[in-house]
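Hi,

Here's the structure I said I'd pass along. Have a look at it first, and my notes on the aromatic rings follow below.

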Amino acid sequence: VNCAGICKIADVLDFGREEWDPMIAINLTGAFDLSHAVAKYMIPQKSGRIINICSLFSFLGGLGSPAYAAMKAGLMGLTKAYADELGKYGITVNGIAPGYFQTAMTAKTGSGNEEDPKFIKIKEHIPADRWGERQDLMGAMVFLASKAADYVNGTLLVVDGGYLVKIISRFKGKTGVSNMSKKYLMGIDEGSQSAKITIFDTVGSIVCEAREPLRHMTFQSLDM
């Protein structure tokens, strides 16, 4: 289980290599080094489990720590790459993507202080109406490590109390569309034969939108 990690937070112009390098070294390179080392033992025995602790920020951006978002996205990529490489040996490689959990590392985002406006704002965004506790990860961890997960490989199991669902639900009902279809975010309006793109911010407000008429396409046959 690759779960070692640190998180440095600073404004973007103050977040330099001094902050970036140790986070990438511990959180991403460390996971690679350990996975590479254990693979040497797992391949001959044709079995094994590697579980990487990823994050919601494997999918999202993140203010204050570009290295955190970058390395968590990188850890998701490593999970999928190793799953592809090692699956034929009976080894599964999966990730767990926790949401907002109350730990020492999340103290700067209000963790542990129910009066903190940041704590309240995040809690209001979680359908479960609470921050996660470490024991909330137990079920996902036991499942991915068990024989019940023999055919689960290369996936990220999200444990976030519904945080990501709330992000998706904020898009519903905008511009007359009731679900997250391709046509809603970026697609073809079949009535006017135009492509419409709408961009929303994290609270579901429209930032900008544009419509572009589609051009007729012509095809020229090629002599092969």
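A quick word on burial before the details: a residue counts as buried when its relative accessible area is under 20%, and as partly exposed between that and 50%. Also keep in mind that this is a predicted model.

I went through the ring contacts, and there are five aromatic pairs in the structure. One of them is phenylalanine 32 with tyrosine 82: the centres sit 6.4 Å apart and the planes make an angle of 80 degrees, so it's edge-to-face. Phenylalanine 32 belongs to helix 1 (residues 17-45) and tyrosine 82 to helix 2 (residues 66-86), so this pair ties together parts that are 50 residues apart in sequence. How do the two partners sit with respect to the surface? Tyrosine 82 is at 13% relative accessibility, so it counts as buried, whereas phenylalanine 32, at 35%, counts as partly exposed.

Another edge-to-face pair is tyrosine 100 with tryptophan 131, at 5.5 Å centre to centre and with 65 degrees between the planes. Here both partners come from loops: tyrosine 100 from the one between strand 2 (91-98) and helix 3 (117-125), tryptophan 131 from the one between helix 3 and helix 4 (138-145). That pair therefore ties together parts 31 residues apart in sequence. Tyrosine 100 is buried, with a relative accessible area of 16%, and tryptophan 131 is buried too, at 1%.

Those two rings also belong to a cluster: ring pairs link Tyr100 and Trp131 with Phe57, Tyr68 and Tyr163.

Cheers

Conventions:
Residues are numbered from 1 along each chain as its sequence is written. This is a predicted model: local features need pLDDT of at least 70, side-chain atom pairs count only at pLDDT 80 or more; totals for chains, interfaces and linings use all residues. Side-chain values use heavy atoms; hydrogens and water are left out. Rings of Phe, Tyr and Trp (its six-membered ring) pair if their centres lie within 6.5 Å; planes under 30 degrees apart count as stacked, over 60 as edge-to-face and the rest as tilted. Helices (H or I, at least four residues) and strands (E, at least two) are DSSP runs, numbered from the N terminus. Buried means under 20% relative accessible area, exposed over 50%, partly exposed in between (1.4 Å probe, protein chains only).
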